[in-house]
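Student: I am new to this structure and would like a close look at a single part of it. Please choose one helix, describe it and its surroundings, and then place it in the rest of the chain.

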Amino acid sequence: DTEGLLRIKEENQKHYRRAQRHQEKKEKIQRHNRKLGDLVEKKTYDLKTQYEHLANLRRTHILELTSVIFPIEEVKTSMRDPADVSSESDNAMTSSTVSKLAEARRTTYLSGRWVCDDHNGDTSISITGPWIILPNNGDYSAYYSWVEEKKTTQGPDMEHNNPAHTISAALCYATQLVNTLSLILDVNLPKKLCNRQVNTAGESATSNHEFCGENLSRHRFTRAVKKLNANILHLCFSQHVNLDLLHPLHTLRNLMYLVSPDTENLGR
């Protein structure tokens, strides 16, 4: 029994010495983990600072781009509210008639159906200048009518004030701006819209732009507009623009909210 007790004591001492070594190793690992934790915390703070700095640079570039090259502004139109007209007319017009006129003013026949638009008739959105505007309600039927008329009319187009030209130019500039914003923000767009000049062998530069090239059919034009609107909404979502401000048909208005100085997360 005495010899067995001595063997057990020796084994216990070995286990105790091994436990001490394990405890030292454990403390060493804990110190190493604490150092790594402090390093990761410092790197995370530095990364966050760099992200903020990068966001500020992106924001500065975007605000400069949209103030110098692609200014987007709201243009008031000279539309009078039916209530104002009724107050100047005789008293034969009832309040129900006034409300019906106001409702009709907020309704637009678009692509074969009636849509409600609170901004209809009140404002338009311009890009690069007050003369290049888009209908605020997304009604581009003037372009369709112009294309159909060009098919039946021969000779050069002498109508420089044709609204179809304005719509085409505004969508062209909007596409250029969206593609540039995607590069600055480093956000991949879900839809591809081309806006560059392409050189062919032995020929001069030809336009490869979706809107400023040949006259598009109604199907191709509508498809291109939908792709542009999808890209704009994708950029708005990536920059956390207030969803209550967005409308799927308001091309330039959504862009205006995106690049507004009031957009807190612009550049994220």
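Tutor: What follows is a close look at helix H6, and then at the contacts elsewhere in the chain. The model is a predicted one.

Some orientation helps before the close look. The protein chain contains seven helices and seven strands. Along the sequence they come in the order α-β-α-α-β-β-β-β-α-α-β-β-α-α. The chain has 268 residues, of which 32% count as buried.

Helix H6 covers residues 218-238. It is made up of 21 residues and spans 30 Å from the first C-alpha to the last, close to the 30 Å expected at 1.5 Å a residue. Which residues of H6 are buried? They are Phe221, Ala224, Val225, Lys227, Leu228, Asn229, Asn231, Ile232, Leu233, Leu235, Cys236 and Ser238. The list includes the charged residue type Lys, at Lys227, as well as Asn229 and Asn231.

Take Phe221 from that list. Its relative accessibility is 1%, and the cut-off for buried is under 20%, so Phe221 counts as buried. Phe221 also takes part in an aromatic pair, and its partner is Tyr140. A pair of aromatic rings is described by the distance of the centres and the angle of the planes. For Tyr140 and Phe221 the centres are 6.1 Å apart and the planes stand at 90 degrees, an edge-to-face arrangement. Tyr140 is in the loop between strand E5 (133-134) and helix H4 (141-152), whereas Phe221 is in H6, so the pair ties together parts that lie 81 residues apart in sequence. Tyr140 is buried too, with a relative accessible area of 3%.

Next comes the end of the helix. H6 is followed by His240, which has a positive phi near 60 degrees. His240 has this positive phi although it is not a glycine. His240 belongs to the loop between H6 and H7. It is partly exposed, with a relative accessible area of 46%.

Beyond that loop is helix H7, which runs over residues 251-258. Two packed helices are described by the angle between their axes and the distance between the axes. H6 and H7 pack with their axes 10 Å apart and at an angle of about 20 degrees. Angles under 35 degrees count as roughly parallel, so H6 is roughly parallel to H7. Their crossing is left-handed.

H7 in turn leads to another part of the chain. Arg253 forms a salt bridge with Glu74, and the closest N and O atoms are 3.1 Å apart. This pair links distant parts of the chain, with Arg253 in H7 and Glu74 in strand E1, 179 residues apart. Are the two partners buried or exposed? Arg253 counts as buried at 4% relative accessibility, whereas Glu74 is partly exposed at 37%.

The structure holds two salt bridges. Besides the one just described, Lys42 forms a salt bridge with Asp46, with 3.1 Å between the closest N and O atoms. Here both partners lie in helix H1, four residues apart, which is about one turn of the helix. Lys42 is exposed, with a relative accessible area of 51%, and Asp46 is partly exposed, with 30%.

Aromatic pairs also number two in a search of the whole structure. Besides the pair that involves H6, there is one between Phe70 and Tyr173: the ring centres are 6.3 Å apart and the planes are at 65 degrees, so this pair is edge-to-face. Phe70 sits in the loop between helix H1 (2-68) and strand E1 (72-76), and Tyr173 in helix H5 (residues 163-185), a separation of 103 residues. Phe70 is buried, with a relative accessible area of 8%, while Tyr173 counts as partly exposed at 29% relative accessibility.

One further residue can be set beside His240. Thr128 has a positive phi of about 65 degrees although it is not a glycine. Thr128 lies in the loop between strand E4 (123-127) and E5. At 21% relative accessibility, Thr128 counts as partly exposed.

To return to the helix itself: H6 contributes Phe221 to the edge-to-face pair with Tyr140, is followed by His240, and packs with H7 at an angle of about 20 degrees.

Notes: Residues numbered from 1 in each chain as written. Predicted model: local features only at pLDDT ≥ 70, side-chain atom pairs only at ≥ 80, totals over all residues. Heavy atoms only, no water. Phe/Tyr/Trp six-rings, centres within 6.5 Å; stacked < 30°, edge-to-face > 60°. Helix = DSSP H or I, 4+ residues; strand = E, 2+ residues; numbered from the N terminus. Buried < 20%, exposed > 50% of the residue type's maximum accessible area, 1.4 Å probe, protein only. Expected span 1.5 Å × (residues − 1). Salt bridge = Lys/Arg side-chain N within 4 Å of Asp/Glu carboxyl O. Axes fitted to C-alpha atoms, helices over the stretch in contact; angles between N-to-C directions. Parallel < 35°, antiparallel > 145°, perpendicular 65-115°, else oblique. Left-handed = near helix turned anticlockwise from the far one by under 90°.
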